[in-house]
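Please open the structure in the viewer and display the protein chain as a cartoon. The stops below say what to select next and what is to be found there.

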Amino acid sequence: MKVYSLLVALVILVSCKSENEQNKTLKTGTYKALLEVNDSIDMPFIFEVITKNEIQIFNAEEVIKVDEIKYKNDSVFISPPVFEGYIAAKISETGLEGSYNKDDLNRSVPFRAIYGETQRFEVTNKPETDVSGNWETTFSPNSETDKYIAKGIFKQEKNKVTGTFRTATGDYRYLEGIVEDNQLKLSTFDGAHAYLFLATVTDSTMQGMFYSGNHYKEPFTAKRNDAFELPDANNLTYLKEGFEQVAFSFPDENGSLVSLEDARFKNKVVLVQIMGTWCPNCLDESKYFTEFYKNNRDKDFEIIGLAFEYTDTEEKAFANIKRLKNRLNIDYPILLAQYGSSSKVSAQEKLPMLNQVLSYPTTIFIDKTGKVRKIHTGFNGPATGEKYTEFTKEFENFVEQLLQE
């Protein structure tokens, strides 16, 4: 009888343990997440669990809603919208422990999250300077091959700093952080990229290091310069001599080849969007284009996206395109121009009439006669503030001009 009772108790214990493991879910509340850049540096961001099936990731003014959350035993799998990266972690009473992964790139970053923590960066001391304003910035300043310029745009209130770095090809989206003593710390996590900027600052200079996940880092320097401007994004990419048009033929999700010669695009103003579903600046641009297209598609106006995907199979590439279109409710076609690589050199080979493909995204403006009228490199997203507003005004005015011709 005692043996029988013991067996029953063991069965109940095992059943309860199995049931508890199966039912383990995220606790609602705020978490501080830490991605391990190296043995001594972590990249932080804050997220909040609203329900077991919905979280929000915060970067300055940006709020990323995540609802692709799956559970298995004592683990959770979190997939931010659109991008292919995901977090896989074990759930405990104090938080999470696991990794942030990009399978197609064979990348994995150690990840942990602490339940109940709300500060992105710890603050104990006051700032020695205010970094608000514009900064002329050079990344990889000592490398002739890797060097490039940027414009830092920041706002500071007490210790807190928000802003971004604009480059000739786009921006680093919503950065958030602090200045403590003479140290600037900024980070962002959007599901595609995990960025960390650390710098020593004075009233007029910065010297620091930029980290992208745990696979890349580069130094940067900056000096305060309110008059500094980047090169004109409308002059960086252009048609080679002898060309007035672009031509291509790429498949859509149904396997049908689509080109600008199709009846749908004849005698219309057409935007060709060179992009990738993995690209945060392309996501910002696609959101804007989607809304603009809905409001103007009845005005002899079309958009066509050309996706350059690094995922290794055509099937995965089209799955990523479908996910992007569904998430953003994109009505215009997105064709698969390339998979297996996001190489800009290879992209230019697909569009040999261009002098170069310098950036994802790049937008080609085509008038009703089929002639290329302008090529815009990069995209100034909403994180750039006034520059985003300037871009949208210029964009809308130019499209309206083409429509009136």
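A residue is called buried when its relative accessible area is under 20%, exposed when it is over 50%, and partly exposed in between, with a 1.4 Å probe and protein chains only as cover. By that rule, buried residues make up 50% of the 405 residues in the protein chain.

The model is predicted, with local features requiring pLDDT of at least 70 and side-chain atom pairs pLDDT 80 or more, while totals for chains, interfaces and linings use all residues. Residues are numbered from 1 along each chain as its sequence is written, and side-chain values use heavy atoms, leaving out hydrogens and water.

**The whole chain**

Begin with the complete protein chain, which has five helices and 25 strands. These elements are DSSP runs numbered from the N terminus: helices are H or I runs of at least four residues, and strands are E runs of at least two. The C-alpha atoms fill a box of roughly 95 × 55 × 35 Å along the principal axes. The radius of gyration is 24 Å, which agrees with the value near 22 Å for a compact globule of 405 residues; it is taken over C-alpha atoms, and the globule rule is 2.2 Å times the number of residues to the power 0.38. The accessible surface comes to about 19500 Å², of which 48% belongs to carbon and sulfur atoms; such areas come from the Shrake-Rupley method with a 1.4 Å probe. A contact requires heavy atoms within 4.5 Å. Among contacts between residues at least 6 apart in sequence, 58% join residues at least 24 apart.

**The nine-stranded sheet**

Next, select the open sheet of nine strands, ordered E4-E3-E2-E1-E9-E8-E7-E6-E5 with antiparallel pairing. Two strands pair if DSSP finds at least two bridges between them. At the edges are strand E4 (62-66) and strand E5 (68-72), each of which pairs on one side only. From one strand to the next, the twist averages 25°. Axes here are lines fitted to C-alpha atoms, for helices over the stretch in contact, and angles between N-to-C directions run from 0 to 180 degrees.

Now zoom in on E5 and strand E6 (residues 75-79), which run antiparallel and are joined by five bridges. Tyr71 has Val76 in E6 as its bridge partner.

**The five-stranded sheet**

Move on to the open sheet ordered E23-E22-E21-E24-E25, in which the pairing is mixed. Strand E23 (334-338) and strand E25 (372-377) are the edges; each has a single partner strand, so one side of each lacks a neighbour in the sheet. Neighbouring strands are turned by 20° against each other on average, direction ignored.

Select strand E21 (residues 269-275) within this sheet. Seven of its seven residues are buried, so the strand is largely enclosed by the rest of the structure. Where do side chains point along a regular strand? They alternate between the two faces of the sheet. In E21, Val269, Leu271, Gln273 and Met275 lie on one side and Val270, Val272 and Ile274 on the other, all buried.

Add strand E22 (residues 301-308), which pairs with E21 in the parallel sense over seven bridges. Val272 is the bridge partner of Ile304 in E22, and Leu271 that of Ile303. Eight of the eight residues of E22 are buried. Phe301, Ile303, Gly305 and Ala307 are on one face of E22, with Glu302, Ile304, Leu306 and Phe308 on the other.

Then show strand E24 (residues 362-366) beside E25: the two pair in the antiparallel sense over five bridges. Ile366 has Val372 in E25 as its bridge partner. Helix H2 (residues 280-296) packs on the sheet and touches E21, E22 and E24, its direction making about 160° with that of E21.

**Helices H5 and H3**

Select helix H5 (residues 386-404), which lies across E21, E22, E24 and E25 and runs at about 165° to E25. Glu390 is found in H5. Is Glu390 buried or partly exposed? At 43% relative accessibility, Glu390 counts as partly exposed. From Glu390 to Glu314 the distance is 37 Å, C-alpha to C-alpha, with their positions 76 residues apart in sequence.

Finish at helix H3 (residues 314-328). Its 15 residues reach 21 Å from first C-alpha to last, close to the 21 Å expected at 1.5 Å a residue; the expected span is 1.5 Å times one less than the number of residues. Its buried residues are Ala317, Phe318, Asn320, Ile321, Arg323, Leu324, Lys325 and Leu328. Just after H3, Asn329 takes a positive phi of about 55°.
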